[in-house]
Amino acid sequence: MPRALDLAGQKFGKLTVLERVGKDKHGHYVWRCRCDCGSEVMAVGYAMRSGTRRSCGKCGKTPVERAVDIAGQVVGDYMAVERVGTYGTSAKWRCVCTKCGSEKEQGAYQFRIGKRASCPVCTAGMKRGEVIARLAKIKREQGLVQDKPKTPAPEKPKKRMTLEEINAAARAHHMTYGKYVAACREQEGRKK
């Protein structure tokens, strides 16, 4: 059996190998590593060498501390006032309705994309369709949504002529069936 490689001190992606810990249940060598973000993890040697394990797995996410400051931005009815904590991997912001002054907390991502942008106090008593239309109008005014051009209706496929219709058209043009079909194909070729 080949001797184990000494990986101590080597760097694989963001992981720096510190020491060999032992073997896992499959007989692979396990190493204690330090990631560039500062966390320590255990990693299998062959996974690091093959490139399937290159970091601790936690440092790829943007830390909430470096989140964008959205104070003062207005989306829908709400304006972001101050950051109050975290919401999953996003910053949590206290938002105030610009119309009635009611407050709520929501994640920065939901705020920026316009989720939950209508104030329930301001829209109380409105029907769902009215609320959606009002919010769409506000988003258009704020430049969050561009009006999309209507897509044209798909062109209907041409109905294939039946044999009787082809023969009738061929007789009308004083041609045989074969000559008529060839003439039709030639005309279609010119159109393209």
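**A buried glycine and its surroundings**

At a relative accessibility of 2%, G76 counts as buried, because buried here means under 20% relative accessible area. The model is a predicted one. G76 sits in the loop that runs between β5 (74–75) and β6 (78–87). Leaving aside residues up to four places away in sequence, G76 touches A117, L135, I138 and Q142. For A117, a distance can be added: its C-alpha atom is separated from that of G76 by 4.7 Å, although the two residues are 41 residues apart along the chain.

Two of those partners bring in the next element. Helix α3 spans residues 128–141, and R134 has its place in this helix. Is R134 buried or exposed? With a relative accessible area of 17%, R134 is buried, since the cut-off for that class is under 20%. Its contacts, again not counting residues up to four places away in sequence, are D77, K99, S118, C122, T123 and M126.

The loop that holds G76 leads to β6 (78–87), and V81 lies in that strand. V81 is partly exposed, with a relative accessible area of 31%; the class covers values between the 20% limit for buried and the 50% limit for exposed. Beyond the residues up to four places away in sequence, V81 touches A71, W93, R94, C95 and V96. One of these, C95, is 14 residues from V81 along the chain, and the C-alpha atoms of the two are separated by 5.5 Å.

Helix α4 (residues 163–172) shows how burial can be distributed around a helix. I166, A169 and A170 are buried in this helix. They lie on the same side of α4, because they cover an arc of only 100° around the axis. The other side of α4 carries E164, R171 and A172, which are exposed.

These elements belong to a chain with 5 helices and 8 strands. Along the sequence, they follow the pattern β-β-β-β-α-β-β-β-β-α-α-α-α. The chain has 192 residues, and buried residues make up 27% of them; G76 and R134 are among the buried residues. Of the contacts in the chain with a separation of 6 or more, 28% are accounted for by residues 24 or more positions apart. The accessible surface of the chain is about 14,300 Å², and 52% of this surface belongs to carbon and sulfur atoms.

Methods:
Residues are numbered from 1 along each chain as its sequence is written. This is a predicted model: local features need pLDDT of at least 70, side-chain atom pairs count only at pLDDT 80 or more; totals for chains, interfaces and linings use all residues. Side-chain values use heavy atoms; hydrogens and water are left out. Helices (H or I, at least four residues) and strands (E, at least two) are DSSP runs, numbered from the N terminus. Buried means under 20% relative accessible area, exposed over 50%, partly exposed in between (1.4 Å probe, protein chains only). Contact means heavy atoms within 4.5 Å. Accessible areas come from the Shrake-Rupley method with a 1.4 Å probe; for residues, only the protein chains shown count as cover. The arc is that of the directions from the helix axis to the C-beta atoms.
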